[in-house]
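Open your viewer and get ready to click around. We'll hop from one stop to the next, and at each one you'll hear what to select and what to look for.

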Amino acid sequence: MFEVNAVELQECLIEDLKAGLTPMVASSPGMGKSDIIRTIADIFKLKVIDFRVSQCEPVDMQGYPGVVNGRMTFHIPEYFPIEGDKIPDGYEGWLLFLDEFNSGNKQTEAAAYKLILDREVYKHKLHPRCLIAAAGNLTTDRAIVNTQSTATTSRLTHYRMRVDHKVWVDWANAHEIDHRIISLIKFKPELLHRFDTSTNELTFPCPRTWEFASKVITGKDTINHITKTRLAGTIGEGAAVELATYSEIYQNLPTIEQILSNPKSGWKVPKEPSEQYAVTTMLAHNTTPDTIDKIIIAINRLPVDFQVITFKDIYKRSPKLNGHPVIKEWIAKNAHVIF
C-alpha cells in the first residue's frame, strides 16, 4: 500500500468523499488522523458526528429493538442523520466520523456493513448530505486493534498515513507552535515521531504530543527542572532532554531585539547548523509588516539555503506578506536557488 503524508491524505479523502466512497485511514497513534478529518469538515461546512466504534455495541449501529403496533422494530439512534432531517444551521451537511473503527468487536463490525455500503440504518436511508469516513490505529502499534474481515475491508478505500516533517513544519508555522520546537524538528526530523512498541514509557514524541509540549513551554524563556519534568510526561524522557538541550542553544544566539536594532551588522551570524536553524525560525516567527524590512536585511546575511528555509516559514506563517515588495525583490533575485 502506498503511504501518504498529511497533505496527500487530505486530497485523497476529499476526492473519495466527493465520489461517495468511505475512506479508512490507518496510522500510528498521535499522527493527526482526526485533525485531518475535522479540517475537511471545516472546509466544506460539515457537522462532525464523532462516533467511537470501540465503545459501541451492535444496537448503536442498527438501532434499539422495540414494539410498534404490536410488531417488533428498531428505533434508530438520533445521532444518525436520515432522509428528511433538517440540516443544522450554519452547515451544509454532516460528516459521520467512525473513529477507532478497527477496534470494535466482531458483532459491531458486522452491524456496520449496511451503514457503510448501503448507507442505511435499519430501514432508514442516511441523509444524502451525510458523508462517512473511518480511521484507526495499526495492528503493529500495541493499540487496541482487531483484524477486520474482508467483508468490511472491501467496503472501504484504504490509506496508510506517514509522518512528513516538512509538512508538519508548515502546519506548525500556521498554528503557533513554539519556535524552539519547530527549529528542533527542522534540525532533527527523526524526533517528530519516535514510536517504539518495546519501550515501557507511557508517552512518546509524535505530532499530537509535540503540540502538547508547545503548550508546556510557550511563554517560558528557559526550561527549568519542573518544565523538563512536565515535558518528559508529555513527549517522553528522551525527547524532553533533546528539547531542553536544544533550547540552551538559544541562550548563545542574538535576541530578536538585538537583530532588529541593527540587522546589518549588530549581530553575529552563527556557523553551526543547529544555531542557523534556530535563527531561521526566530526570524520567521517575528516577521510582521512592521519588521519585515529589517528582517530581510538579517535574512540576507544567512547562507542562501537557510534564507530559503526562512522565507518558506514566513510564507506559511504570514501568507499575506508574500506580495510585499521586499519579498518579491528577494524572490526575483534568488529564483534560480528556489527552483
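Let's begin with charges. By the distance rule for salt bridges, the count comes to 14. Keep in mind that this is a predicted model, so everything on the tour is computed from predicted atom positions.

**Stop 1: a few salt bridges**

Select Asp89 and Lys86. Their side chains meet in a salt bridge, with N and O 2.9 Å apart. Are these two residues buried or exposed? Asp89 is exposed, with a relative accessible area of 65%, and Lys86 is exposed too, at 61%.

Now pick Arg180 and Asp178. Here the closest N and O atoms are also listed at 2.9 Å, but the setting is another one: Arg180 is buried at 5% relative accessible area, and Asp178 counts as buried at 8%.

For a mixed case, go to Glu120 and Lys114, which form a salt bridge at 3.1 Å, N to O. Glu120 is buried, with a relative accessible area of 16%, because the cut-off for buried is under 20%. Lys114 is partly exposed at 35%.

Before you leave the charges, select Arg38, Asp50, Arg52, Asp99 and Glu100 together. These residues are linked in a network of salt bridges.

**Stop 2: the sheet**

Switch to a cartoon view and look for the open sheet of six strands. Their order is S1-S10-S2-S9-S6-S3, and the pairing is parallel. Which strands stand at the edges? They are S1 (3-4) and S3 (46-52); each has a single partner strand, so one side of each is left without a neighbour in the sheet.

Zoom in on the S3 edge. Seven bridges join S3 to S6, and the two strands run parallel. To see one of the pairs, click Ile49: its bridge partner in S6 is Leu96.

Next, move to strand S2, residues 23-27. Five of its five residues are buried, so S2 is largely enclosed by the rest of the structure. In a regular strand, side chains alternate between the two faces of the sheet. Try colouring the two sides of S2 separately: Pro23, Val25 and Ser27 are on one side, Met24 and Ala26 are on the other, and both faces are covered.

S2 has neighbours to check as well. With S10 (residues 157-161), S2 pairs in the parallel sense over four bridges; click Ala26 and you'll find Arg160 of S10 opposite. Four bridges also join S2 to S9 (residues 130-137), again running parallel. There, Ser27 stands opposite Asn137.

**Stop 3: helices H1 and H6**

Show helix H1, residues 6-18. H1 lies across S1, S2, S6, S9 and S10, and runs at about 170 degrees to S10.

From H1, go on to helix H6, residues 165-174. Which residues of H6 are buried? They are Val167, Trp168, Val169, Ala172 and Asn173. Display their surroundings and you'll see them pack against H1, H7 (179-187), H8 (207-217), H12 (273-285) and H14 (304-317).

Have a look at both ends of H6. At the start, a side-chain oxygen of Asp164 reaches to within 3.0 Å of the backbone nitrogen of Lys166. Just after the helix, Glu176 takes a positive phi of about 60 degrees.

**Stop 4: Thr234**

Select Thr234, which is found in helix H9 (residues 225-235). At 12% relative accessibility, Thr234 counts as buried. Its side chain reaches the backbone oxygen of Arg230 at 2.7 Å. Leaving out residues up to four places away in sequence, Thr234 touches Thr203, Phe204, Thr209, Phe212, Ala213 and Val216.

**Stop 5: Tyr91**

Where does Tyr91 sit? Tyr91 is in the loop between strand S5 (71-75) and strand S6 (93-99), and at 35% relative accessibility it counts as partly exposed. Now add Leu46 to your selection. The two are 45 residues apart along the chain, yet their C-alpha atoms are separated by 5.5 Å. Not counting residues up to four places away in sequence, Tyr91 touches Lys45, Leu46 and Lys47.

**Last stop: the cysteines**

A disulfide is a covalent bond between the sulfur atoms of two cysteines. How many disulfides does a search of the whole structure find? Zero. You can still click on Cys12, which is partly exposed at 25% relative accessible area, and on Cys206, which is buried at 2%.

Methods:
Residues numbered from 1 in each chain as written. Predicted model: local features only at pLDDT ≥ 70, side-chain atom pairs only at ≥ 80, totals over all residues. Heavy atoms only, no water. Buried < 20%, exposed > 50% of the residue type's maximum accessible area, 1.4 Å probe, protein only. Contact = heavy atoms within 4.5 Å. Pairing = 2+ DSSP bridges. Disulfide = S-S within 2.5 Å. Polar contact = N/O pair within 3.5 Å; in protein donor to acceptor, adjacent residues only side chain to side chain. Axes fitted to C-alpha atoms, helices over the stretch in contact; angles between N-to-C directions. Salt bridge = Lys/Arg side-chain N within 4 Å of Asp/Glu carboxyl O.
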